[in-house]
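Welcome! Here are some short exercises to help you find your way around a new structure. Keep the picture in view as you work through each one.

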Amino acid sequence: MERHHQHFVSNFGIDNSQDWKYLDKSDFERIFALEVPDEAVVLINQLDLGYRFLTREERDSQILKILRILDEPLVSSGPKRLETWEKGWGQNLQDYIDSNYDEAALLPYYYRRGQTIMRLWGDYILPRSPRFEAHFLSVLQVIIAHAYFRHVPSIYEFGCGPGHNLLAFGRIVPGKIYHGLDWASASSKILNLADSRANKTHSENRFHGHFIDLFHPDPEFHVDPESAIFTFGSMEQLGTDFEPLFNYFYSQPASVYVHIEPFSEFSSGDVLLDVLADRYAKKRNYLDGYLMYLEKLQESGMLKIIKRRKLIGSTFNDGWCLVVWHHC
Ligand SMILES: C[S@@+](CC[C@H](N)C(=O)[O-])C[C@H]1O[C@@H](n2cnc3c(N)ncnc32)[C@H](O)[C@@H]1O
């Protein structure tokens, strides 16, 4: 039977005598190599971003666990996973309605799975709070929105899930049109409710949900000129089949394309954690070769890559790598 190991909760000890570190403003500057705005600093000071590195024994046992899991069948990405996404976002949709349209109800359940080992600065870390990843996400949303979305009229998230990133951008860089595209019908329903029912944090914010199949994007769907195109963990699901989506993106008049994805190119065959990540990504048929493809197009003068950076990862892979490009 296939097992899905997204929910890989750690049982390593959380004890105050251990050597806890806390991500601060300078850590985020180092991670992103972007300005960390005051709004992000407020969050950094408020949220528990404590972590520690693993002991040698913990690290060994963690690697052993991963090796064992890599020998098992894993769920691979692709069209057969639509039902899983639909079910997950359907749960968020119901929570959103039940909570009278509280944005907090939109946080995907994979951010609520408890303490999981993560990857930072080339090593494993144990977060102190079970919400560490969600806390990191809140800071990330502010840094990314300030860096790339402040001056665009509209933001399009392709593979938006329950729309939590778009609602966050609506608070951080308000007064725009926020479009969420996904093949799960619950995603559009959530965004349309955010537009029509929820109390908006800013009266001019507009939210729209649309259907898309990222494998076959509709060339008749046009994004607004000078807008931003954003993907976060959705191109991950395309394996090597990213060319139709790229061709669609390239044909659009967006001013910036921001991806946070598990880019395979950040792995080195000589680094243990990278090799483990690579084996995992291959087994799950995750995005493969997209950055190299963008680099080739850059060489031929078609586009310019303005950012490429490994940010943070989960137990199994460096899922959050930032790549930003624009037309030449
Ligand atoms: C890991 S989730 C990421 C959701 C959201 N971007 C986030 O940051 O949490 C991947 C999303 O991509 C969507 N997706 C995957 N393959 C797709 C496809 N071929 N067409 C449209 N959406 C797809 C899924 O429905 C899901 O919402």
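**Exercise 1: A strand and its partners**

Strand S4 (residues 123-127) is largely enclosed by the rest of the structure, because four of its five residues are buried. Keep in mind that this is a predicted model.

Task: Find which strands pair with S4, and in which sense.

Solution:
- Step 1. Start with strand S2 (residues 50-53), which is antiparallel to S4 and paired with it over three bridges. Here arginine 52 stands opposite leucine 126.
- Step 2. Turn to strand S3 (residues 118-120), which also runs antiparallel to S4 and is joined to it by three bridges. In this pair, methionine 118 has isoleucine 125 of S4 as its bridge partner.
- Step 3. Look at the turn of the S3 and S4 hairpin: two residues lie between the strands, and tryptophan 121 takes a positive phi near 50 degrees.

**Exercise 2: The open sheet**

Task: Work out which strands stand at the edges of the seven-stranded sheet, and why one side of each is left without a neighbour.

Solution:
- Step 1. Write down the order of this open sheet, S7-S6-S5-S8-S9-S11-S10, and note that its pairing is mixed.
- Step 2. Read off the edges: strand S7 (206-211) and strand S10 (303-312) each have a single partner strand, so one side of each has no neighbour in the sheet.
- Step 3. Add the twist: on average, neighbouring strands are turned by 15 degrees against each other, direction ignored.
- Step 4. Zoom in on strand S8 (residues 228-232) and strand S9 (residues 256-261), which are parallel and joined by five bridges. Isoleucine 229 is found opposite tyrosine 257 of S9.

**Exercise 3: A helix across the sheet**

Task: Describe where helix H5 lies, and check whether its span agrees with its number of residues.

Solution:
- Step 1. Place helix H5 (residues 132-149) across S5, S8, S9, S10 and S11, at about 160 degrees to S9.
- Step 2. At 1.5 Å a residue, its 18 residues should span 26 Å, and the end C-alpha atoms are 25 Å apart, which agrees.
- Step 3. Check how covered H5 is: 13 of its 18 residues are buried, so "mostly covered" fits.

**Exercise 4: Two sides of one helix**

Task: In helix H2 (residues 38-46), sort residues into buried and exposed.

Solution:
- Step 1. Ala40, Leu43 and Ile44 are buried. Seen down the axis of H2, the buried residues fall within an arc of 100 degrees, so they line one face.
- Step 2. Asp38, Val42, Asn45 and Gln46, on the other side of H2, are exposed.
- Step 3. Finish with the packing: the buried residues of H2 pack against helix H1 (25-32) and H5.

Definitions and conventions: Residues numbered from 1 in each chain as written. Predicted model: local features only at pLDDT ≥ 70, side-chain atom pairs only at ≥ 80, totals over all residues. Pairing = 2+ DSSP bridges. Axes fitted to C-alpha atoms, helices over the stretch in contact; angles between N-to-C directions. Contact = placed C-beta atoms within 7 Å. Expected span 1.5 Å × (residues − 1). Buried ≥ 20, exposed ≤ 12 C-beta atoms within 10 Å, placed from the backbone. Arc of directions from axis to C-beta.
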